[in-house]
Amino acid sequence: MSDNKAKPDSASAPLLSVRSLSVEFGTGGGAFRAVKDVSFDVQPGRTLAVVGESGSGKSVTSLAIMRLTDYTGGRIVGGEVLFRPDGTEALNLVEASDAKLREIRGNDIAMIFQEPMTSLNPVFTIGNQIAETLTLHEGLNTRDARTRAKELLQKVRLPDAEKLLDRYPHQLSGGMRQRVMIAMALACNPKLLIADEPTTALDVTIQAQILNIVRDLQQEMGTAVIFITHDMGVVAEMADDVVVMWKGEKVEQGPVREIFAAPKHPYTRALLSAVPRLGSLTGQPLPKRTPVIVMDGGEPKQVGETHIQNTADYTKPILQVGKLTTRFDVGKTFFGRVTHRVHAVEEVSFDIYPGETLALVGESGSGKSTIGRTLQQLVEPTGGTVRFNGRDMAAMSQADRRRLRQEIQYIFQDPFASLDPRHTVGYSIAEPIIVHGLIRDRKAIDRRVQELLEQVGLQPQHAKRYPHEFSGGQRQRVCIARALASDPKLIIADESVSALDVSIQAQIVNLLMELQERRHLSYLFITHDMAVVEKISHRVAVMYLGQIVEIGTRQAVFENPQHSYTRKLLSAVPIADPERERAQTRIEGEIPSPVRPVGQEPAIHQMREVEPGHWVAIEPERLRGAA
Amino acid sequence: MAGAQAVSPNRRRFRSLEFALGITLTGGMCLAVLFSGFLFPDGGESMDLMARLIPPFQDPAHILGTDPLGRDVLARVIVGGKISLTVGILSVLGAVVLGTLVGLVAGYYRGIAEVLLMRFADIQLALPFILIAIMFLAILGTGVDKVIFFMIVAQWVQYARLVRGSVLALRDREFILSARAIGVGNGRIIFTHILPNVLGPIVILMTLNVANNILLESSLTFLGLGVDPLIPSWGGMLADGRTYLQSAWWVSVFPGLAIMFTVLGLNLLGDWLRDLLDPTGQTGK
């Protein structure tokens with residue numbers, strides 16, 4: 001990082017020292033040690049990233065620093081947290097009185113959480129909530145607090161700060177709410193800011209904006225930051241120092257460049273090997289499977305093989321979508337007349353070929369999930385045609401439409417929510433076989449279920465277990481087995497790997513690619529994650545506000561992006577490489593809403609072909625200028 | 001997630017303790033009531049004015065004492081269970097079946113069916129209960145069957161509202177959507193995916209309502225709208241004994257205990273059943 005020199009020397013007294021901290025949940029025989037003997041220092045003005053996957057204890061560590069574990073059922077059973085707000089005298093937060101802690105929380109140490117909707121109180125205006133912190137800790141009167149609140153909102157680059165003060169949280173977008181959270185956290189000029197996955201729930205372009213703001217403000221105010229995250233890209237972009245946590249223990253610590261360049265602990269190596277890196281397939285026309293290092297009982301083990309995914313067969317498309325339009329009515333007058341519509345999908349056309357993966361990329365509100373749901377007949381289209389194997393879906397009989405649900409399968413984002421908690425996974429996997437009457441014999445069904453479980457890398461005896469007995473990655477494997485059960489031709493994967501830890505994600509992506517080769521499957525891969533898209537897809541369609549703005553081969557779209565939105569999206573992705581120069585262009589702007597009053601139809605983009613098979617929407621000049 | 005991994009052995013033992021206690025109390029009570037005709041051929045109706053108000057545990061012929069008319073309290077408690085348990089259990093079962101069906105249909109299909117059913121339910125909830133009872137039973141006449149029928153009519157609304165609320169929360173959950181994506185039909189979704197997920201709260205409301213209805217039967221009988229006041233029932237005995245509470249506590253305390261133990265047993269069984277239905281073992285915590 002180029003700005004390292006400007007920051008205080010790391011040899012001075014640390015602002016915060018965590019010494020052999022251990023945290024336990026539960027009591028007696030059922031006690032579970034979430035954090036084991038963790039130590040690290042935070043230097044004033046520097047950013048420490050605490051990285052780890054789910055269950056690594058990173059969030060618990062951050063809560064324990066502020067002693068917030070007291071309120072979540074945890075107990076600090078050992079160690080100390082030394083805080084030196086003025087650089088000399090150290091205060092042990094583990095032993096500090098509640099009154100002292102209240103003084104420190106929000107004042108000297110502030111915190112931002114992952115979910116900006118739930119961390120703001122829905123019944124108070126933004127202004128009131130910021131002012132509350134100010135009147136509490138700084139003793140300002142109402143009017144001064146309001147003026148200061150406005151300044152803070154301007155600091156986090158929220159436009160129209162004056163008006164925002166009187167708005168309620170639900171009237172703001174996720175990105176705006178997270179900026180309000182940052183403004184609140186910075187209200188009292190804290191010495192230390194703890195950010196717990198602050199951008200995980202946000203779209204990439206919004207994430208880039210938030211990261212930018214945090215970085216700028218940190219330089220301006222000299223705040224030290226503890227950044228909790230699972231995203232190695234964010235780490236590379238934000239951190240000066242890194243602590244890697246695994247199963248409640250600190251496994252490695254060091255400056256960010258060293259961690260990335262020469263990871264010492266096998267877990268860190270495994271983690272880094274699993275991170276998809278944007279640009280890693282530059283120059284290669286086809287997606288490629290690469291081996292992943294997984295931790296097998298503490299030992300790193302290489303799984304999988306390098307394999308070029310030359311599965312696509314471009315003679316005849318399996319699915320043809322023509323001018324598909326899906327709109328939802330919202331907002332009705334008293335007499336039931338529709339006033340507004342969500343223009344989720346507007347005249348979208350694309351083909352998918354056998355054995356091919358088409359990625360549908362876009363941010364929230366782009367309509368990508370609606371396309372998937374329309375194809376799966378979960379949502380009725382407003383217009384357009386869908387042909388499967390040359391047959392028009394609209395002209396199909398009820399029975400044929402049912403059979404289409406067998407040939408097209410859907411994998412949802414959240415493997416925790418998409419399995420019925422009351423049934424065994426064996427039942428869930430057998431269900432498509434039963435409802436489509438594929439196999440009648442009970443024993444044969446059981447055999448088939450076991451076979452499917454083995455195909456997705458699980459054990460046959462897992463069939464008798466319930467979903468809650470599995471980890472997230474295993475559950476997603478169950479969902480994949482369920483999707484395969486009816487022997488489909490096309491699988492729609494809707495953000496299917498987005499909620500998983502990177503090491504699991506890499507394995508699931510490999511599994512999907514392997515299954516594609518073995519069973520000649522086509523995928524419609526819906527996601528917002530450009531790095532995963534690069535790894536898995538043959539062709540890419542970029543969506544913005546319900547329309548495709550760019551479509552072409554993965555190589556063409558990634559290496560020669562033509563549309564300004566595609567470029568914006570690509571530049572917003574945090575790259576897991578601290579050596580890389582940060583993009584200088586600053587991304588601005590919210591994602592516009594697809595809700596429009598009745599009668600105001602959006603303009604349909606005209607497409608032009610830049611090279612064979614690579615189509616781009618023609619942009620009005622002002623759009624081009626803004627980007 | 002981590003906490004849900006396995007039910008602790010401690011909890012499992014408690015669960016079976018719940019079941020053992022519940023089945024002993026409820027089962028014992030039901031058995032006694034079933035064989036009451038055999039145990040007390042007189043139906044607890046033979047009076048002996050010479051042996052009025054004998055305190056319990058003094059006369060071996062009347063272990064639980066006698067009431068102001070010299071009738072054996074033990075006999076009446078056991079015979080009285082027949083009416084009380086029949087009314088309590090059948091009325092609740094009927095209301096559950098009706099209410100759950102209506103709630104499932106209204107919550108799952110939404111639309112006009114929901115509007116009509118739920119407005120009807122609201123109207124019914126707004127009318128004073130006792131007023132409907134008087135009107136209803138005055139027209140139909142009295143009797144055990146009519147009382148049960150009336151209770152079903154009066155109470156299905158509670159279940160319908162409860163179920164509809166749960167279904168509304170469930171129907172947009174991803175596993176329902178994913179079942180639909182697989183091609184599962186509406187009927188199968190309702191009965192294999194939604195119903196098992198709404199049973200927990202229904203079971204709890206059921207066990208509470210059994211107790212309620214046993215007492216309700218006595219109120220109706222007291223008003224002359226229930227069953228024949230001469231036939232012993234727990235609620236009726238409670239009401240009768242009230243005037244003697246100062247001098248002869250046993251007349252009303254023993255039927256009260258009978259109600260308490262039955263309800264306790266049913267509650268324990270209900271908790272056990274709810275845990276049994278929930279493989280994650282989390283709802284009880």
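Me: Happy to look at this with you! How many helices and strands are there in chain A?
Reply: Chain A has 20 helices and 27 strands, in what is a predicted model.

Me: What makes chain A as compact as a globular protein of that length?
Reply: Its radius of gyration is 26 Å, and the globule rule gives 25 Å for 627 residues; the two values are close, so chain A counts as compact in that sense. Along the principal axes, the C-alpha trace spans about 75 × 60 × 50 Å.

Me: Now the helix pair. How do α10 and α16 of chain A lie relative to one another?
Reply: Helix α10 (residues 266-274) and helix α16 (residues 502-519) of chain A have axes that come within 8 Å and cross at roughly 50°.

Me: Why is α10(A) called oblique to α16(A)?
Reply: Roughly parallel needs an angle under 35 degrees, and roughly perpendicular runs from 65 to 115. The crossing at roughly 50° fits neither class, so α10(A) is oblique to α16(A). As for handedness, α10(A) passes α16(A) in a left-handed crossing.

Me: Which residues meet there?
Reply: From α10(A) come Ala270(A), Leu271(A) and Ala274(A), and they meet Val502(A), Ser503(A) and Ala506(A) of α16(A). Sorted by class, this contact has five nonpolar residues, one polar and no charged. Ser503(A) is the polar one, because serine is outside both the nonpolar and the charged lists.

Me: Let's step back to domains. How is chain A divided?
Reply: Domain 1 covers 2-6 + 45-62 + 103-273, while domain 2 covers 304-389 + 490-513 + 521-627. Taken over C-alpha atoms, the centres of these two domains of chain A are 29 Å apart.

Me: How do you know that the two domains of chain A touch?
Reply: Residues are in contact if their C-beta atoms lie within 7 Å, and the contact takes 23 residues from domain 1 and 21 residues from domain 2 of chain A. On the domain 1 side, α7 (204-221), α8 (232-238), α9 (256-261) and α10 of chain A each supply at least two residues. The most comes from α7(A), with six residues. By class, that side divides into nine nonpolar, nine polar and five charged residues.

Me: And what does chain B bring to its contact with chain A?
Reply: In this contact, 21 residues of chain B pair up with 23 residues of chain A. On the chain B side, α7 (174-182) and α8 (186-222) of chain B are the elements that give two or more residues, and α7(B) gives the most, with seven. The chain B side divides into nine nonpolar, eight polar and four charged residues.

Note on methods. Residues are numbered from 1 along each chain as its sequence is written. Chains are lettered from A and ligands numbered from 1 in the order in which they are written. This is a predicted model: local features need pLDDT of at least 70, side-chain atom pairs count only at pLDDT 80 or more; totals for chains, interfaces and linings use all residues. Axes are lines fitted to C-alpha atoms, for helices over the stretch in contact, and angles run from 0 to 180 degrees between N-to-C directions. Helices (H or I, at least four residues) and strands (E, at least two) are DSSP runs, numbered from the N terminus. Angles under 35 degrees count as roughly parallel, over 145 as roughly antiparallel, 65 to 115 as roughly perpendicular and the rest as oblique. A crossing is left-handed if the near helix is turned anticlockwise from the far one by less than a right angle, and right-handed if clockwise. Domain bounds come from an automatic or database domain assignment. The radius of gyration is taken over C-alpha atoms; the globule rule is 2.2 Å times the number of residues to the power 0.38.
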